[in-house]
Amino acid sequence: MSGNRVNTLNQAPDVTECWAKPDNTFFLAADVERFDENRGEGCIRWERYAKKPRFAFNQGDYRFERTDPWIFPNEYAENPVTNIKLSFVTPRTVRIQMTANERENFVGCNKGPMLVSNPLPRTDFVQAEHIQSNSEDPQQIVWTFEGGSVALCYQPFRLIFKDADGKELTRTQHFTDTSCLVNTEPVPFSFVRSTENYSDRMAASFTLSPQEKLFGCGESFTRLNKRGQKLDLWVKDAHGAQTAQMYKPIPFMISSRGYGMFIHSSAPMSFDMGHSYDSANVLYTGDENLDLFFFFGTPKQILSEYTALTGRSPVPPLWSFGLWMSRITYKSEEEVRSTAAKHRQLQIPCDVIHLDTGWFEKDWRCDYQFSNQRFTDAKQMTADLLEDGFRISLWQIPYFTPTNPLYEEILQKGLAVKSADGKLLTEDAILDFSNPEAVRWYQEKIAALLKIGAAAIKVDFGEAAPRMGLYASGKSGYYEHNLYPLRYNQAVADITMQTTGDAIIWARSAWAGSQRYPIHWGGDAEITDGAMAASLRAGLSLGLCGFSYWSNDIGGFTRRSPQELYERWLPFGLLVSHSRCHGSPPKEPWEYGADFTDAFRSATELRYLLMPYIYTQAQLSSQKGHPMIRTLFFEFPEDEGSWHVEDQYMFGSQLLVAPLFEAGKSRKVYLPPGGWIDYQTGTTYAGSGWKVIEADKVPVIILVRSGSIIPHAPLAQSTDQIKWQDVYFEHFADQADHSAITGLYYNPVEEQLYELTYDASTNKVVSKVHI
């Protein structure tokens, strides 16, 4: 039992528990023994401590106390000396590598699957200065560069990070820094050695400023500001959108102070961000090594730096930006063709019909074969639907039950994850994506579906890679569990690109680097107002971790969507990068009646009218590694109020969206600085501050930044039918004397990005310059 949590299969490990066990040994960072400035390498000495009980005033607690080793033979270091390496990757990115292992020297470090390349250290933009102590040795080395500075203090060991103006951003916590009556609070920079298995785990401890806010850590459904929270970073089937569990944890965060941090590891981690001790941000990693990238700058600058390391999302195909219609599940060719025909009959735009778990002979039994009884000719069906502007998406899963016809083949070929003694860890055969042979076998199955005519594959699940498994990579599930979705995402994305030329999957689980394989969606949300709001927080949080493209199940997944909630959720779901109606049936609008069908049509037409804007923003987002849906502070980092808002977002750089999370037509909306125009009514507002605004025909608040040019397309029933030569431009300005407005537009036919200049006096675009 861990707290109130039962230790059942695949529960998230709480790495902080190692620091709570008094039978473990603790090594606290003491001082720098030596450091070679030219090589950026040196050694740190760690002092050995134990936690001993202390009783005072009828209360007991544990305190740190220096201890001697009790190990035989007497050949082991009392106070280990291990390596540290600092390298400068860019003028805004510093890499800090430390270890608890006395034999680790960081030579020839493999970049691993999370990074797109192994960043090489540079010194051409760095100036180093030694600050002398009373002795001949330097007390500090300070490196200065465009983003700011890093100081390495020798006695005691400390790293101090400052911005370009000299403001301290954060520093590492040393044992002597504590001012608490209990000297274990906060946990200092340290590593712990377990008596259970003699493993070492590191805790990187940093200071937090009183008003500092922290964001990121993946697709987190909890409050957007992570200050005061503790999150266990372990890929997990969250079974909803209302807990701290995550389908997509990412060991990356952004601070409102102007810095970000990424821990390059796949081991389980627990980030205690002022939860246990308000002024301490302690990043607990289950790894004996710490590979930490520290970024300086604005949120936009930090995210561009981070995605330069871990990769950026390519732009998915244009058709993917249309509406996806789905349910759990369409089970026959007749149902698929009928759904597509009904869309065209009722003139509700749509581009994709998704077949979930029911296209096999037996529901959920994934054998990559269409049911012969319920699908007459799958290849002809996909061809016919494509002629009418529809693509087909197919569900599948990498877990194979014993009754699956592929089960024995997988076992015979050794493609499944097994234990160290060669046995399966569950009844299912779970594909080992670290095994190249398993990837080849699997990709052959996926390629066959793509060749039949499937346009996208739903990369479902992927959260249950066995922790106790031994993988073909040579690693255990301790390191491979979190990497599993990244390998899984890549396997499908690579074969899809190779077979169809499109960069697209539809995935639920992820880890750092998975943004290279779009698209991801938010999992199995409940059918409640709270789940709708939590879905937005999750999408914003994931976007702050480099994922440009994200979706959610419009209306909720778990049961039939209440009509009133579905109607409010719909425009929110249509004003993110990708839009899919999915979940327990019915999801089709005509099943809710004529009035709802009309409302559904109006909201969907709004998205298709905005398609040139959406696709332009997609191009710009992919170029810089930025999200399509953004927190307000991402666009307005100097506005203090924008850092507090978690129920609104920027859709691209020009549109502010405020969904209706409760029944009613109006809500309070925070306006960042500048002028704003209601997209639906034309009403103008001045920021910054709060306004009560009422929604118009489509139940959502959409505001346009004053001075924007928004490209629109003539209404079409699919993206294939859009007449791009007839795209028109609307300018939005809060004052009549705006004589010229500029904007950007990407033409997908010409594959060109243009800068536009709009003359308000003539209501025309007066120049269009390719950039």
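## A friendly tour of a predicted model

Q: Where is Lys 226 found?
A: Let's start with a loop in this predicted model. Two strands flank Lys 226, and the residue sits between them. Its place is the loop between strand S13 (214-218) and strand S14 (229-233).

Q: Which side chain of opposite charge is nearest to Lys 226, and how far away is it?
A: Lys 226 is buried, yet it has no salt bridge. A salt bridge would need a side-chain nitrogen within 4 Å of a carboxyl oxygen. The nearest side chain of opposite charge belongs to Glu 646, at 7.2 Å.

Q: Which residue numbered above 500 is in contact with Lys 226?
A: Neighbours within four places in sequence are left aside here. Among the contacts of Lys 226 are Leu 214, Phe 215, Leu 231 and Met 273. The list also includes Ser 541.

Q: How many disulfides does the model have, and why is Cys 350 not in one?
A: A disulfide needs two cysteine sulfur atoms within 2.5 Å. The closest cysteine sulfur to that of Cys 350 is in Cys 581, and it is too far for a bond because the separation is 8.3 Å. The count of disulfides comes to zero.

Q: Is Cys 581 buried or exposed?
A: Buried means under 20% relative accessible area. Cys 581 has a relative accessible area of 0%, so it falls under that cut-off. Cys 350 also has 0% relative accessibility and counts as buried. For Cys 581, then, the word is buried.

Q: Where is Phe 636, and is it buried or exposed?
A: Phe 636 is found in the loop between helix H11 (632-635) and strand S32 (649-651). Its relative accessibility is 9%, and the limit for buried is under 20%, so Phe 636 counts as buried.

Q: How far apart are the C-alpha atoms of Phe 636 and Pro 299?
A: Along the chain, these two are 337 residues apart. In space, their C-alpha atoms are separated by 9.7 Å.

Q: Which arginine is in contact with Phe 636?
A: Again, neighbours within four places in sequence are left aside. The contacts of Phe 636 include Trp 643, Met 650, Pro 672, Pro 673 and Trp 676. The arginine in the list is Arg 705.

Q: What is the relative accessible area of Thr 285?
A: Thr 285 lies in strand S18 (residues 280-285). Among the residues it touches are Val 15, Arg 201, Met 202 and Leu 290. Thr 285 is buried, and its relative accessible area is 0%.

Q: What is the omega of the cis peptide bond that joins Pro 585 and Pro 586?
A: Pro 586 lies in the loop between strand S30 (579-581) and helix H9 (594-609). Another cis peptide bond joins Ile 328 and Thr 329, with omega of about 15°. For Pro 585 and Pro 586, omega is about 0°.

Q: What is the phi of Glu 751, and is the residue buried or exposed?
A: Glu 751 lies in the loop between strand S39 (740-747) and strand S40 (752-759). Although Glu 751 is not a glycine, its phi is positive, at about 55°. Exposed means over 50%, so with 58% relative accessibility Glu 751 counts as exposed.

Q: Which residue lies over the face of Trp 690?
A: Elsewhere, Arg 66 lies over the face of Tyr 49, at 5.6 Å from the ring centre. At Trp 690, the distance from the ring centre is 5.5 Å, and the residue is Lys 668.

Notes: Residues are numbered from 1 along each chain as its sequence is written. This is a predicted model: local features need pLDDT of at least 70, side-chain atom pairs count only at pLDDT 80 or more; totals for chains, interfaces and linings use all residues. Side-chain values use heavy atoms; hydrogens and water are left out. A charge sits over a ring if NZ of Lys or CZ of Arg is within 6 Å of the ring centre and within 35 degrees of the ring normal. Buried means under 20% relative accessible area, exposed over 50%, partly exposed in between (1.4 Å probe, protein chains only). Helices (H or I, at least four residues) and strands (E, at least two) are DSSP runs, numbered from the N terminus. Contact means heavy atoms within 4.5 Å. Lys and Arg count as positive and Asp and Glu as negative; His and the chain ends are not counted.
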